[in-house]
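Open the model in your viewer and keep the sequence panel visible. The tour goes from one selection to the next and says what is there each time.

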Amino acid sequence: MDRVDTVVVGAGIAGLTAARLLSRSGRRVVLLEARDRVGGRVWSDREGGVVTDLGASWIHGVTGSPVAEAAAAFGLRTAEFTVGGYQPYSRPIAYYGPSGVRLTDDEVRRFVADIGAVDAELARVVAAMAPGRSYGEAAEAALAAQGWGAERTERVREHLRHRTEEQYGVWIDDLDAHGLDDDSIDGDEVVFPDGYDALATHLAKGLDVRLGHVVTSVRWSSDGVQVTTAHGVFTANRAVVTVPVGVLKSAEFSIEPPLPEPVAGALARLEMNAFEKVFLRFPSKFWDDQVYAVRQQGPDGVWWHSWYDLTAVHGVPTLLTFAAGPAAQRTRGWKQEQTVDSVLGELRRLYGDRVEDPTSVHVTSWQDDPCSRGSYAYMTVGSAPEDHDLLATPVGGVLHLAGEATWTDDPATVNAALRSGHRAASDVLGRPVPVEDAWADG
């Protein structure tokens, strides 16, 4: 094919945003996507006429969010569903103690107060910690400062471990102490009853997207880039590479010459996580009324400790739980029936014979997806928040990396992906371009 201005690798939200902004600025752009669909880790299943977002689900805070602005401009329907980033302060939660008995309101208030006390100390501990310390170390220091007994301490320790797993899909000792520095949300959180993938579909309109084009190598020099696929070699003046960290670090994807510093160092310090979703739809609702989540404490909740009630989103009795961190690693390769039986065992511990067999199940397998190799990136011990932005440092004036892992303020989100695509487009153009141009005129 003829040389184009820019090749964009990956048709997730970052790649689509970059390609759309560049195209609207008059650049000739080709977007190469390995999958048979656009959206990347935004993937909506519609089996049985019910939407299931297997990848990204939420806009985590609509205030000041370009994703929320884009969704509104495209006329996408949203529903408020604020989870608060695994905090205990948002919607009502039914807590069950280690014995399987639901906590009273007073017991919940005391537990929430304990979390607040540890979180306040944890912020001070993390701020004072030298580089190269884990979030687990910080958590233990904050817990020790309380002077509580073993049982009280263990309940909050569990909460911190589960929060780390649900936020970043990693064991607490493997996350850098600063790995949750971005754990804040501005405004309500919303979900997409008609499917998050509609955002990708709208962004892709009018673009030259080549599906089924698996990129194996990107060669760059001062003369431009060559991007190799099974369908041939694409040449361009610039390239925007938006593949996930797991693909960037895989043997099946190469960048030549190798990435220089500071990009290489930043990439080495980030890893893909282990985080899977388990959706269970039931004939009827058997769990607690007027709560958005059910959580159990104690050793029985090491893996399956939190269930989120999605019934209001689609009108079908639905619970969502996560296999996160060690649970995702240990259950990797399990047959779906085995995973479902394991989850139902814990639900039946709490609700007994009221728990019917589910009518439908979805269990994701992002760890085994060759196009992602995990759900999203996390900061290993020894990394720093700025590593996200360092990963996006332009290379040789011709190569630009983008994606959720390249945005420091709120990595691991669709917002980060969109903003990173906007930044890459501005870098390619050599001038600022309004992010709103990506959704102007729908």
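**Stop 1: three annotated residues**

Select Glu 33, Ala 34 and Val 215, which an unreviewed UniProt entry annotates as "binding site". They are spread over 183 residues of sequence, yet they cluster in space, with a largest C-alpha distance of 8.0 Å. Keep in mind during the tour that this is a predicted model.

Now select Glu 33 alone. Glu 33 sits in the loop between E2 and strand E3 (44–45). Is Glu 33 buried or exposed? Its relative accessible area is 5%, and because anything under 20% counts as buried, Glu 33 is buried. Show its surroundings: leaving out residues up to four places away in sequence, Glu 33 touches Gly 10, Ala 11, Gly 12, Arg 210, Leu 211, Gly 212 and His 213.

Move to Val 215, which belongs to strand E10 (residues 215–221). Val 215 is also classed as buried, at 8% relative accessibility. Beyond its neighbours within four places in sequence, Val 215 is in contact with Val 9, Leu 32, Val 227, Thr 228, Thr 229, Glu 252 and Phe 253.

**Stop 2: helix H1**

Select residues 13–24, which form helix H1. Does the length of the helix fit its residue count, and what span should you expect? At 1.5 Å a residue, the 12 residues of H1 should span 16 Å, and the end C-alpha atoms are 16 Å apart, which agrees. You can check this with the distance tool.

Next, colour the buried residues of H1: Ile 13, Ala 14, Gly 15, Leu 16, Thr 17, Ala 18, Ala 19, Arg 20, Leu 21 and Leu 22. That is 10 of the 12 residues, so H1 is largely enclosed by the rest of the structure. To see what does the covering, show the elements that include strand E1 (4–9), strand E2 (29–32), helix H6 (197–204), strand E12 (232–241) and helix H13 (414–429). Then step just past the end of H1 to Gly 26, which takes a positive phi of about 90°.

**Stop 3: Val 428**

Select Val 428, which is found in helix H13, one of the elements that cover H1. Val 428 is buried, with a relative accessible area of 6%. Outside its neighbours within four places in sequence, its contacts are Thr 6, Leu 22, Arg 27, Arg 238, Val 240 and His 400. Add Asp 5 to the selection: Val 428 and Asp 5 are 423 residues apart along the chain, and their C-alpha atoms are separated by 9.7 Å.

**Stop 4: Phe 322**

Select Phe 322, another residue with the annotation "binding site" in the unreviewed UniProt entry. Phe 322 lies in strand E18 (residues 318–324). With a relative accessible area of 8%, Phe 322 is buried. Which residues does Phe 322 touch, not counting those up to four places away in sequence? They are Glu 166, Phe 275, Glu 276, Lys 277, Trp 303, Trp 304 and Tyr 308.

**Stop 5: the cavities**

How many cavities of 30 Å³ or more does a search of the whole structure find? There are four. The largest has a volume of about 150 Å³. To find the largest cavity, select Asp 53, Ser 57, Leu 310, Val 313 and His 314, which are the closest to its centre among the 13 residues that line it. Strand E4 (52–53), strand E15 (275–281) and helix H9 (311–314) each give two or more residues to this lining. The lining divides into eight nonpolar, three polar and two charged residues.

The second largest cavity holds about 80 Å³ of space. Select its lining: Tyr 86, Tyr 95, Phe 111, Arg 155, Glu 158, His 159, His 162, Arg 295, Gln 296 and Gln 297. H5 supplies the largest share, four residues. The lining of the second largest cavity has three nonpolar, four polar and three charged residues.

**Stop 6: a pocket**

Finish at the second largest pocket, with about 250 Å³ of space. Its lining consists of Pro 98, Leu 103, Glu 107, Arg 110, Phe 111, Asp 114, Glu 151, Arg 152, Arg 155, Val 156 and Gln 297. Helix H3 (105–128) and helix H5 (150–168) are the elements that give two or more residues to this lining. By class, the pocket lining has four nonpolar, one polar and six charged residues.

Conventions:
Residues are numbered from 1 along each chain as its sequence is written. This is a predicted model: local features need pLDDT of at least 70, side-chain atom pairs count only at pLDDT 80 or more; totals for chains, interfaces and linings use all residues. Side-chain values use heavy atoms; hydrogens and water are left out. The expected span of a helix is 1.5 Å times one less than its number of residues. Buried means under 20% relative accessible area, exposed over 50%, partly exposed in between (1.4 Å probe, protein chains only). Contact means heavy atoms within 4.5 Å. On a 1 Å grid over the protein atoms alone, a cavity is a set of points where a 1.4 Å probe fits but cannot get out, and a pocket is an open set with protein on both sides within 12 Å along at least five of seven lines; lining residues have an atom within 4 Å of a point. Grid points are joined across faces, edges and corners, and a volume is the space filled by probe spheres set on the points. Ala, Val, Leu, Ile, Met, Phe, Trp, Tyr, Cys and Pro count as nonpolar, Asp, Glu, Lys and Arg as charged, and the others, Gly among them, as polar. UniProt positions are given in the numbering used here, feature names are shortened, and annotations may be inferred rather than shown by experiment.
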